[in-house]
Amino acid sequence: SSSSSSSSSSSSLFHPSSSSFFSLLILLLSLFCVVSATPGSDVQLKNLRIQLEHSFDGAVTWSKRGDISVTLTMAGKHRDTVTGSSTEVKQLALDATFLTMLRTLAEGQQDYYLRTQSHSNQAQPTMTSVPACLLLASNLSDQLLLHLNVDASAIVSIDVVPGAIECDASTVTSANSFDSAIEVIVAENGKFADTKILKKFTEIKQEVPQKSFFQSYWMVFVGVGVMMIMPLFS
C-alpha cells in the first residue's frame, strides 16, 4: 500500500497536468532567459595609460606631473560602445622650485601648460593651458577632462578646469601637489543623412517639367504688345 502511494505521488509530480510540473518548467525557462541575457563575452575591458607633463616656461621644456590609468568597459556587437569607465591618477609632489615658477607665472599673468603623452599609438601629444593664477587661487585643485576618439583608442584633447574662477596672484598655496578629478568623455558618431528623404526630394524635383523661355515670360511679351498697339487706337 505504501509503495503504491509513493508511486502515485511521484507520478502526480511529473504528470503534465500537475501544477508542480508547470512550476518546474517555468523555473527552467526563467533560468534560460537570465543566462541568455547575460552579456558574457560581449563585454571587454580596455586600458589606457596616460602620462601627464607640465611646463612653466611657455611649453619650451617639460617635466613629468603624473600618470593616469583609464579602464573602459566596452560592450556591443563589435565591442565599440563605452558603457562605463574608471580612472586612477597618481601625481608627483611639487618641490619649492616648481612652486616658485608657478607663482612667477601667476604674477606675470602667464599660462601654465599641460600635455598628455599616451602609451598607445597616439601620434601627437595633446596640449592645453590655463592661467597660473587660477591654479594658485584654487590651491592646486583642478578637473581634467580627457576627450577620447570614437573607438576610445586615443586622446583627442584635454581640458583643465581650475577650482577657482577668479585670479589672485598674491595667493600663497599650502598644497605641494595637484589634487585632480578625472572625467573621461568619449566622442560619438553623428547621425547620417536620411537618404530616403533626399532621394524622394530629388525625384520630385526631376518630375517638375522645365518651362521654356516663352512660357516663363509670356506676360512680359503681352504687356509690351499692348503698349505698342494702344497708340494706334488713339
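Strands, labelled E, are DSSP runs of at least two residues, numbered from the N terminus.

**View 1. Confidence along the chain of the predicted model.** The mean pLDDT of the chain is 77, with 63% of its residues at 70 or more. Among the elements, strand E5 (residues 126-131) has the highest mean pLDDT, 94, and helix H1 (residues 2-14) the lowest, 47. The pLDDT is below 50 over residues 1-14, a stretch with five contacts in the model beyond near neighbours in sequence. Residues 34-41 likewise stay under 50 in pLDDT, and the model has one contact for them beyond four places in sequence.

**View 2. Surroundings of Thr73 in strand E2.** Thr73 lies in the strand spanning residues 63-75. Its relative accessible area is 24%, so Thr73 is partly exposed. Beyond its neighbours within four places in sequence, Thr73 contacts Val43, Gln44 and Leu45, together with Thr81, Val82, Thr83 and Gly84. A distance of 8.7 Å separates the C-alpha atoms of Thr73 and Ser86, which are 13 residues apart along the chain.

**View 3. Ala59 in the loop between strands E1 and E2.** Strand E1, which precedes this loop, covers residues 44-55. Although Ala59 is not a glycine, its phi is positive, at about 65°. Ala59 counts as partly exposed because its relative accessibility is 25%.

**View 4. Gln109 in the loop between helix H3 and strand E4.** The loop that holds Gln109 joins helix H3 (96-107) to strand E4 (111-118). Gln109, a residue other than glycine, has a positive phi near 55°. With a relative accessibility of 73%, Gln109 counts as exposed, the cut-off for this class being over 50%.

Definitions and conventions. Residues numbered from 1 in each chain as written. Predicted model: local features only at pLDDT ≥ 70, side-chain atom pairs only at ≥ 80, totals over all residues. Heavy atoms only, no water. pLDDT = per-residue confidence, 0-100. Helix = DSSP H or I, 4+ residues; strand = E, 2+ residues; numbered from the N terminus. Contact = heavy atoms within 4.5 Å. Buried < 20%, exposed > 50% of the residue type's maximum accessible area, 1.4 Å probe, protein only.
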